[in-house]
Structures are given as structure tokens and as C-alpha cells.
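Work through the exercises below with the sequence and the coordinates open. Each task is followed by a solution in steps.

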Amino acid sequence: MTQTTVESAMNPTDAPDRSIRIQAQDVKVHYGAKEALHGVSIEIPDRAVTSFIGPSGCGKSTFLRCINRMNDTIEGARVEGLIKLDGEDIYDPSLDVVELRARIGMVFQKPNPFPKSIYENVAYGPKIHGIATSRTDLDEIVVSSLRRAGLFEEVKDRLNEPGTGLSGGQQQRLCIARAMAVGPEVILMDEPCSALDPIATAIIEELIDELRANYTIVIVTHSMQQAARVSQKTAFFHLGNLIEEGVTEDIFTNPINKQTQDYIMGRIG
Ligand SMILES: Nc1ncnc2c1ncn2[C@@H]1O[C@H](COP(=O)(O)OP(=O)(O)OP(=O)(O)O)[C@@H](O)[C@H]1O
């Protein structure tokens with residue numbers, strides 16, 4: 001059976017940069033004495049969506065959090081192995097973690113806008129990272145980030161109103177705008193639609209599809225349909241192991257591993 005490459009499966013118009021953005025080698029994670037991830041190796045392509053699927057507790061979120069060192073914030077969590085972003089070891093002690101998390105933004109399961117205005121939610125990151133040098137600069141970043149998140153038209157007349165007053169789907173797009181405002185290269189999304197209704201989910205999925213032209217996107221999802229709709233590469237995890245990864249279409253139509261077959265047929269998870 002011939003397996004397609006992620007690059008060849010992608011729309012040719014997406015072709016400009018086909019390089020590997022992130023490389024993970026033998027990544028293990030312990031929470032206290034318990035090993036939750038048993039040595040994961042994977043390459044994440046640039047300008048494409050990679051989805052992580054698998055049953056609850058298999059380690060998808062744990063691995064996602066390794067990619068921007070969010071596990072550093074969890075007491076008792078210990079990460080081993082190597083993760084490189086553009087060839088640079090992200091666990092190098094000399095690396096500035098705050099800067100890393102600006103380069104590798106994250107969107108969480110539950111929309112979590114700050115208790116501030118819509119404008120301030122987006123302006124906060126550029127301000128603390130010293131990205132904007134004037135109020136005009138900041139206004140431009142806020143407007144362009146909201147536009148890229150597909151939210152500007154809906155909120156342009158109420159930028160000073162609280163972000164928490166928006167609908168769930170709008171709040172999630174605000175969080176995406178907030179992540180984009182600091183100029184990331186990679187956006188990690190941990191089940192970004194699980195708190196949203198089908199219409200808001202469809203809007204976020206369309207947005208993800210647009211964003212992949214300019215960003216490397218990694219999404220954890222419980223929905224195989226969502227992985228099939230939005231991603232070009234899919235990785236299947238089970239019990240802390242990466243079982244199989246490849247072009248999304250191959251994983252769903254032609255999986256090699258028996259456990260992957262069982263999962264996509266609904267026999268496990
Ligand atoms: N903060 C933590 N402390 C201790 N154990 C944890 C912690 N976070 C996750 N785990 C354990 O690590 C394993 C992997 O969990 P993880 O949340 O990464 O899985 P998941 O595939 O993302 O699950 P779900 O789909 O339910 O979100 C599980 O056994 C979980 O109980």
C-alpha cells in the first residue's frame with residue numbers, strides 16, 4: 001500500500017514552505033512517579049494542520065503541552081527527550097520560555113478571555129512583549145489580529161466592552177486573536193471546539209483552515225470527523241504511546257496498525 005506524503009496530500013496552492021517545523025525525539029513525560037508518555041517521536045510540518053487523536057487519557061494534551069513547555073507549569077511534571085523548533089532545542093536552559101510561548105501560542109479547551117475589554121485582551125501580549133511602539137501600532141495589531149481571527153466585523157463597534165460578554169465561539173476567536181497578536185509561528189489548540197455548538201465549531205474549523213496558510217497548527221481533538229476535516233497530518237495516541245502517524249486520509253482510510261483500525265472503527269475509546 002502506498003502512503004502519500006503530507007506535502008503531496010496538501011493543496012498545491014499551499015506549497016510555498018514544506019519544511020518540518022518541529023521535531024520531537026523520544027519524548028517521555030512523568031507526573032511524579034507515573035510515566036504518562038513513553039517516548040514519542042514525530043515531525044510536525046510547517047503550514048499544515050496536524051491533529052492528535054486517541055482515547056481519553058492517552059497523552060494527547062500532555063504531548064501538546066511539551067511543545068511550548070506548558071508542562072513546566074505543572075508541579076511534579078518532568079519532560080525527557082528532545083524537542084526542536086526550527087532546529088533549536090526548546091528545552092535548552094538558555095532559552096527564554098516567555099519568548100518561546102509567544103512563538104508557540106496556545107488556545108485552550110474552554111475560551112478563557114481576560115476580564116478586560118475586547119481591545120485589551122488582544123493588546124495585552126504586544127504590550128508586555130514590547131512589540132508595539134506607539135498607540136497607532138497597537139491599534140493596527142489589534143485590528144489585524146481580530147481580522148485574522150475572523151472576529152473584527154462582529155466586534156468593531158464594541159472594542160471597549162468586556163471580552164467575557166461575547167458568545168462562546170466569539171470568545172474562542174478572541175483567544176485565537178490574542179494568541180496571534182504576539183506574532184507566533186506555531187499555534188497549539190487543545191480541543192478548541194469542545195465547549196462550542198456546531199455552528200461556532202464550523203466557524204472555528206474554517207478559520208483553522210485559513211490560518212494554515214501562514215502558521216503551523218497542532219490540534220488535539222476527540223472528534224475523528226474534526227481531525228479528518230481540518231488536518232493534513234494525523235497522529236494516533238494510545239496509552240501514552242504514539243501508535244501511528246501519517247497523512248490524515250491514510251490514517252482514516254488505510255491505517256496500518258490494528259489499534260488505529262480499532263479506534264477509527266469505534267472499537268476502542
Ligand atoms: N497534571 C497531571 N498530574 C498527574 N497526572 C496527569 C496530569 N495531567 C495528565 N495526567 C495523566 O497523564 C495521562 C495522560 O493525560 P492527558 O490529559 O495528556 O491525556 P489526553 O489524551 O489529553 O486525555 P483527554 O482526551 O481526556 O484530555 C493520564 O493518565 C492522566 O491522568
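**Exercise 1.** In which helix does Leu64 lie? Establish its burial and its contacts.

Solution. The model is a predicted one.
Step 1. Leu64 belongs to helix α2.
Step 2. The cut-off for a buried residue is 20 or more other C-beta atoms within 10 Å. Leu64 has 20 C-beta neighbours inside 10 Å, so it counts as buried.
Step 3. Setting aside residues up to four places away in sequence, Leu64 touches Phe52, Leu188, Asp190, Val218 and Val220.
Step 4. Take one of these partners, Leu188: it is 124 residues from Leu64 in sequence, and the two C-alpha atoms are 7.1 Å apart in space.

**Exercise 2.** List the residues around the ligand and sort them by character.

Solution.
Step 1. The residues around the ligand are Tyr31, Ala36, Gly54, Ser56, Gly57, Cys58, Gly59, Lys60, Ser61, Thr62, Ile74 and His222.
Step 2. Sorted by character, the shell holds four nonpolar residues, seven polar and one charged.
Step 3. Helix α2, residues 60–67, gives the most to this shell, with three residues.

**Exercise 3.** How many residues does the largest nonpolar core have, and which helix gives the most to it?

Solution.
Step 1. The largest nonpolar core has 64 residues.
Step 2. Ala177, Ile187, Leu188 and Ile217 have the most contacts inside this core.
Step 3. Helix α7, residues 168–180, gives the most to the core, with six residues.
Step 4. As general background, nonpolar side chains tend to be buried together in soluble globular proteins.
Step 5. For Ala177, the contacts beyond four places in sequence are Val122, Ser145, Leu146, Arg148, Ala149 and Leu151.

**Exercise 4.** Why is α7 described as largely enclosed by the rest of the structure? Check its length as well.

Solution.
Step 1. Of the 13 residues of α7, 12 are buried, so the helix is largely enclosed by the rest of the structure.
Step 2. The buried residues include Gly169, Leu174, Cys175, Ile176, Ala177 and Met180, and also Gln170, Arg173 and Arg178.
Step 3. They pack against β6 (104–107), α4, α5, α6, β7 and α8.
Step 4. For the length, 13 residues at 1.5 Å a residue should span 18 Å; the end C-alpha atoms of α7 are 18 Å apart, which agrees.

**Exercise 5.** Which residues of α8 are buried, and which are exposed? Decide whether the buried ones line one face.

Solution.
Step 1. The buried residues of α8 are Ile204, Ile208 and Leu211.
Step 2. Down the axis of α8, its buried residues fall within an arc of 65 degrees, so they line one face of the helix.
Step 3. The spacing rule behind this kind of pattern is general: an α-helix has 3.6 residues a turn, so residues three or four places apart point the same way.
Step 4. On the other side of α8, Pro198, Ile199 and Glu210 are exposed.
Step 5. The buried residues of α8 pack against β3 (49–53), α7, β7, β8 (216–220) and α9 (224–230).
Step 6. The 14 residues of α8 reach 20 Å from first C-alpha to last, close to the 20 Å expected at 1.5 Å a residue.

**Exercise 6.** Against which elements do the buried residues of α4 pack?

Solution.
Step 1. In helix α4, residues 118–128, the buried residues are Ile118, Asn121, Val122, Ala123, Gly125 and Pro126.
Step 2. These pack against α3 (97–103), α5 (135–148), α6 (152–155) and α7.
Step 3. Just after α4 comes Gly130, with a positive phi of about 65 degrees.

**Exercise 7.** Are Glu191 and Leu239 buried or partly exposed? Begin with their phi values.

Solution.
Step 1. Most residues other than glycine have a negative phi.
Step 2. Phi of Glu191 is positive, near 45 degrees, and that of Leu239 is also positive, near 50 degrees.
Step 3. Glu191 lies in the loop between β7 (186–190) and α8 (198–211). Leu239 is in the loop between β9 (233–238) and β10 (241–247).
Step 4. Glu191 has 20 C-beta neighbours inside 10 Å and so counts as buried. Leu239 has 14 inside 10 Å and therefore counts as partly exposed.

Definitions and conventions: Residues numbered from 1 in each chain as written. Predicted model: local features only at pLDDT ≥ 70, side-chain atom pairs only at ≥ 80, totals over all residues. Near = placed C-beta within 6 Å. Helix = DSSP H or I, 4+ residues; strand = E, 2+ residues; numbered from the N terminus. Nonpolar A, V, L, I, M, F, W, Y, C, P; charged D, E, K, R; others polar. Core = buried A, V, L, I, M, F, W, Y, C linked by C-beta atoms within 7 Å. Contact = placed C-beta atoms within 7 Å. Expected span 1.5 Å × (residues − 1). Arc of directions from axis to C-beta.
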